[in-house]
Amino acid sequence: MKTKLMLAAGAALAALSLSAPAQAETINVSGYVNQYCALTPGTTNIAFGNLGAQGVASTFNVNYSLYCNVGFDTSVSSLNGRLLNGNVSSGNIAADGSSATANRYTPDTTGTFYAALDYTLTSGSSTLSSADFTPGTIAPLTTSNAPTNLSVPVSFNIVPLTGTQQLTAGPYNDTLTITITPTGL
Amino acid sequence: MGGWRVTGGANAALALAAAFTLCVAPLDARAGEGHESGHGHGDQDQDLVLEGHVTPHCALSGEGLSGAGGTIHRTIDLSNPHALADVQLNLHVACTQHFVIGLIPQYARMQNLSVVNGALQPAVVGDGYSAPGGAMAQGFVGALKYRLSAVLNGAQLPSNASALSYQSPGDGPGAGIFSTPLPPMSGALSVTIDPVELPAAVGLLAGFYEENITIQLTPQGY
């Protein structure tokens, strides 16, 4: 018996010449950075010293270290809305009609004495006055800020009384809260 | 005269010999049957045709890949961008033909996807950020560069910049690493993603960072 074994190499190679499809896999690398904002003032106590009879027109500058890795707004709220004489009860203070804030000492019927003193707050190109941050309100200071890691100067400016107006004796104070609100990117 | 056509197949080149071997035994048996039952007298010529083929095949496996267009997910701790860990992947490449391997980044950096489109300005200061219409944010970046390197069968794959490492975004999205045509092989592929730490004065913007790197095996025939 003669048997021919024909190994069909040609056919096999023909099959091998087919091209394989391209293969693609993906490496996905990811990470997350949490939002973080911090405002650190150079000092938390601003002392204007002796205010004099009408309040000395003075400026107190404070540098704040501001860090925020996301866009943000800043706003201000105030306990008293102005520098308020701590020795005077709230029932003895009223507006004098010329100011949005209630500063006049009402037991004095002559209209001479005042028990509160307005001030302004300036950050960059934004300035707020006592009328803006009256107690119970939140006043926008700056909006749509880009992420920042800078020292930001903030100025506090006394607004002196005018004319015959005089300050009653006592300690004047206010507590101001500056809030940073992240807004996104 | 009779003929039998016996075929066999395998899905990998390395299995080719085994495929033929497996075919021989039943072939002999069937030839014997033909001799005894079909033709009892005289010489006979019997053509036995043995065929086999290997389906062309390229596959990437390891790190959980199934070889069907999968994705490997890795998370990098970005809480301290001044000290970042590498991502190391140990993969395996098997290709029955000549092939080219490519590693193709989508963004060419780990990009903050929380940033409004267009706010990142790589052409200005690397990966700096500015709010639309605004000034550049100081002290922050919205993307993280990385170095990408790949070693196949002990040989470093070249980057487009002819350097051992690939640094984004200078090489640009879609550039990546491509090999020259390689012979059929079954070998280890090591991929390293080395995030570039930020200078001390620079931080990362808040948000979700992502990069996708496609590993592509493209058969080149024989």
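Visitor: What makes strand 3 and strand 4 of chain A a pair?

Guide: In this predicted model, strand 3 (residues 37–41) and strand 4 (residues 59–68) of chain A are joined by five bridges, in the antiparallel sense. Two bridges are enough for strands to count as paired, so these strands qualify. One spot to look at is Ala38(A), whose bridge partner in strand 4 of chain A is Tyr67(A).

Visitor: And how do you know that strand 4 and strand 14 of chain A pair?

Guide: By the bridge count again: strand 4 and strand 14 (residues 148–158) of chain A share ten bridges, also antiparallel. The cut-off is at least two, so they are a pair. For a position to find on screen, Ser65(A) stands opposite Ser151(A) of strand 14 of chain A.

Visitor: What makes strand 13 and strand 17 of chain A edge strands?

Guide: Start with their sheet, which is open, has three strands in the order 13-5-17 of chain A, and is paired antiparallel. Strand 13 (139–145) and strand 17 (176–184) of chain A each pair on one side only, and that earns them the label. From one strand to the next, the twist averages 15 degrees. Strand 5 (residues 71–78) of chain A meets strand 13 of chain A over four bridges, and there Phe72(A) has Asn145(A) as its bridge partner.

Visitor: What lies between strand 11 and strand 12 of chain A in their hairpin?

Guide: Two residues separate them, and Gly124(A) in that turn has a positive phi of about 60 degrees. Strand 11 (residues 119–123) and strand 12 (residues 126–129) of chain A pair antiparallel over four bridges, with Ser123(A) standing opposite Ser126(A).

Visitor: How do you know whether chain A matches a compact globule or not?

Guide: Set the radius of gyration against the rule: a compact globule of 185 residues would come out near 16 Å, but chain A has 35 Å. Chain A does not match, then. Its C-alpha trace spans about 140 × 25 × 25 Å along the principal axes. Buried residues make up 28% of chain A.

Visitor: Over in chain B, why is Glu63(B) called partly exposed?

Guide: Glu63(B) has 17 C-beta neighbours inside 10 Å. Buried would take 20 or more and exposed 12 or fewer, so Glu63(B) falls in between. This residue sits in the loop between strand 3 (58–61) and strand 4 (71–75) of chain B. Its phi is positive, about 55 degrees, although Glu63(B) is not a glycine.

Visitor: What makes a positive phi worth pointing out in residues other than glycine?

Guide: Most residues other than glycine have a negative phi.

Visitor: Then why does Asn153(B) count as exposed?

Guide: Asn153(B) has 12 C-beta neighbours inside 10 Å. The limit for exposed is 12 or fewer, so Asn153(B) makes the cut. Asn153(B) lies in the loop between strand 12 (146–152) and strand 13 (155–156) of chain B, and its phi too is positive, about 55 degrees, though it is not a glycine.

Visitor: What pLDDT does chain B average?

Guide: Chain B averages 73, with 63% of the residues scoring at least 70. On a scale from 0 to 100 for the predictor's confidence, residues 1–6 of chain B stay under 50, and the model has 21 contacts beyond four places in sequence for them. Residues 161–165 of chain B also stay under 50, with seven such contacts. The model as a whole scores ipTM 0.72 and pTM 0.72.

Note on methods
Residues numbered from 1 in each chain as written. Chains lettered and ligands numbered in written order. Predicted model: local features only at pLDDT ≥ 70, side-chain atom pairs only at ≥ 80, totals over all residues. Axes fitted to C-alpha atoms, helices over the stretch in contact; angles between N-to-C directions. Rg over C-alpha atoms; globule rule 2.2 N^0.38 Å. Contact = placed C-beta atoms within 7 Å.
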